[in-house]
Structure formats: structure tokens, C-alpha cells
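Me: I have not seen this structure before. Please take me through it by question and answer.

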Amino acid sequence: LAGVLSSPVYVAADILCGWRYPGYSFANQVIRELSAIGAVTTDLWVRLLQVYAVLFAAFTIGMVREGRSNRRLRLTSWLLVAFVLSGPLWSFVPMHQRGEVFTWTDAGHIAMGGVMVLLLSAVMAAGAGGLGHRFRVFTRALVSVAFVAGVGTFAYVPRMLAQLPTPGVGIVERIFLYAFLLWIGVLAVALLRRAETPPRREA
């Protein structure tokens, strides 16, 4: 249930902070700019993401328990543990707002983003075969779109470093991240349905 709730919380944080950020463009700016150093929405973003983090951590604990009897889900659960543990690392490499001097923390932020693309793609790929044929087909299609969008986001890095406009970067990045959030929601619902289904009795 925490997994089902976590994704809408993240989306709500994105939308609410975007509305509260003067002049912010969902199409042309990345999500992490909502929590950039000096941004008016940084405090709000942190508070909302704390709620997301608690829900996602609870879901991950449930995944670890579910994975005891399923090799695919077991690998997926430990990759999710790595994702949860990586959360605090973002605070050590905050990005600056556009127009400010590029520092080592901005470089670290970009590097962390690259690691997240690989990690979240690996989570979906590992979990593809954990819940049957339909879930596997759904995951393969979604992970393909997500990985391409995630890699495509980094095509904008030179323009960001040069302080140039980045038309479409917000759309591309959100395709990647929202695909992962959708996958988590579907996975959580599938696990709930499996838990509610009574086991078949042998003849």
C-alpha cells in the first residue's frame, strides 16, 4: 500500500513546487531545479520528499519480505534498498540555480543523476519476470522508454553547462522518472492483488 501511495506523493510534490516556483517551466527545466540552492521551493520540496521517502522505504521493506520466495523479486528488492540508501547522498551534491557559477557539487549532482538512470532501469529490468507474462511485457516496454528518456536527458548537459536554454528537457526527464513511478505503482498493486488471492488447493 505504501508503494501505491508513494508515486502520487512524488508527482504531487513536482506539480505543487512547480506552481510555487515563479517562472518555472515544466517543459524546459529539470525537476531537481525545484530543490536547487536558493530556490524558493527548496524547503517545501524537502518536506514533501520526506513523506515520499518514508512511504518508499516502507514499500522496500515489504519488497524484501516478498522476495524471500522469488529470486527475481529478491534481486529487485535489494536494488530498491540501494536506491533508498542513495537518497541522503543528494544532500551532499546540491545543484545551483541557473545563471550561477558551476561548482563541483553541480558536477556531482549530474553524476548522481547518471547513476540513478542506470539503477532505476536495473530495478525495472530485474523485476520484469517476477510476476508473470503480462507484467514482463509491460515492464519491457516501459523500461525501454524510460532508459531512452533517461539517457536523452543527459544530451542537455552541455547546454546546461553553457547556461543555454534547454527546450524539452523537463518533458524528457519526466518521461523517465514518471515511467519508474508508474512501474512502482503497478508492481505494488500486483503484489496487493496476489496477497488477496487465496492459494489454490491441490486435488
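**Helices, salt bridges and single residues**

Me: To begin with helix α1, which residues are exposed on the other side of α1, away from its buried residues?
Reply: This is a predicted model, and every value here is computed from it. Exposed stands for a relative accessible area over 50%. On the side of α1 opposite its buried residues, those that count as exposed are W19 and R20.

Me: Which residues of α1 are buried, and what arc do they cover around the axis?
Reply: The buried residues of α1 are A2, G3, S6, S7, Y10, A13, D14, C17 and G18. They sit on the same side of α1, because the arc they cover around the axis is only 140°.

Me: How far does α1 reach from its first C-alpha to its last?
Reply: Helix α1 has 19 residues. At 1.5 Å a residue the expected reach is 27 Å, and the value in the model is close to that, at 26 Å.

Me: How many salt bridges does a search of the whole structure find?
Reply: Side chains of opposite charge can pair when their charged atoms come close. One such pair here is D14 with R174, and another is R98 with E33. The search of the whole structure gives a total of 2.

Me: How far apart in sequence are the parts that D14 and R174 tie together?
Reply: The closest N and O atoms of D14 and R174 are 2.9 Å apart. D14 belongs to helix α1 and R174 to helix α7 (residues 169–196), so the salt bridge joins parts whose separation in sequence is 160 residues.

Me: Are D14 and R174 buried or exposed?
Reply: The cut-off for buried is a relative accessible area under 20%. D14 has 1%. R174 has 9%. Both values fall under the cut-off, so D14 and R174 are each buried.

Me: Where do R98 and E33 lie?
Reply: Their side chains meet in a salt bridge, with 2.9 Å from N to O. The pair ties together parts that are 65 residues apart in sequence, because R98 lies in the loop between α3 (71–86) and α4 (104–127) and E33 in the loop between α1 and α2 (42–66).

Me: Which of R98 and E33 counts as buried?
Reply: R98 has a relative accessibility of 33% and counts as partly exposed. At 2%, the residue that counts as buried is E33.

Me: How far apart are the end C-alpha atoms of α2?
Reply: Helix α2 has 25 residues, which at 1.5 Å a residue should span 36 Å. The buried residues along it include W45, Y52, F56 and F59. Its end C-alpha atoms agree with the expected span, being apart by 35 Å.

Me: Within what arc do the buried residues of α5 fall?
Reply: The buried residues of α5 are F135, T139, L142, V143, A146, A149, G150 and T153. Seen down the axis of α5, they line one face of the helix, because they fall within an arc of 140°.

Me: Which exposed residues does the face of α5 turned away from its buried side carry?
Reply: Helix α5 covers residues 133–153, and the 30 Å between its end C-alpha atoms agrees with the expected span. The face turned away from the buried side carries the exposed residues H133, R140 and V148.

Me: Which residue has its backbone oxygen 3.0 Å from a polar atom of the side chain of T153?
Reply: T153 is in helix α5 and counts as buried at 13% relative accessibility. The backbone oxygen lying 3.0 Å from a polar atom of its side chain is that of A149.

Me: What is phi of Q163 near?
Reply: Most residues other than glycine have a negative phi. Q163 lies in the loop between α6 (157–161) and α7, and is partly exposed at 41% relative accessibility. Its phi is positive although the residue is not glycine, with a value near 60°.

Me: Which residues make the nonpolar surface patch of about 280 Å²?
Reply: One of them, L5, is in helix α1 (residues 2–20) and counts as partly exposed at 42% relative accessibility. The patch of about 280 Å² is made by L1, L5 and L192.

Definitions and conventions
Residues numbered from 1 in each chain as written. Predicted model: local features only at pLDDT ≥ 70, side-chain atom pairs only at ≥ 80, totals over all residues. Heavy atoms only, no water. Helix = DSSP H or I, 4+ residues; strand = E, 2+ residues; numbered from the N terminus. Expected span 1.5 Å × (residues − 1). Buried < 20%, exposed > 50% of the residue type's maximum accessible area, 1.4 Å probe, protein only. Arc of directions from axis to C-beta. Patch = residues over 30% accessible without salt bridge, like charges linked within 9 Å, V, L, I, M, F, W, Y side chains within 5 Å. Areas by Shrake-Rupley, 256 points an atom, 1.4 Å probe, with all protein chains shown as cover. Salt bridge = Lys/Arg side-chain N within 4 Å of Asp/Glu carboxyl O. Polar contact = N/O pair within 3.5 Å; in protein donor to acceptor, adjacent residues only side chain to side chain.
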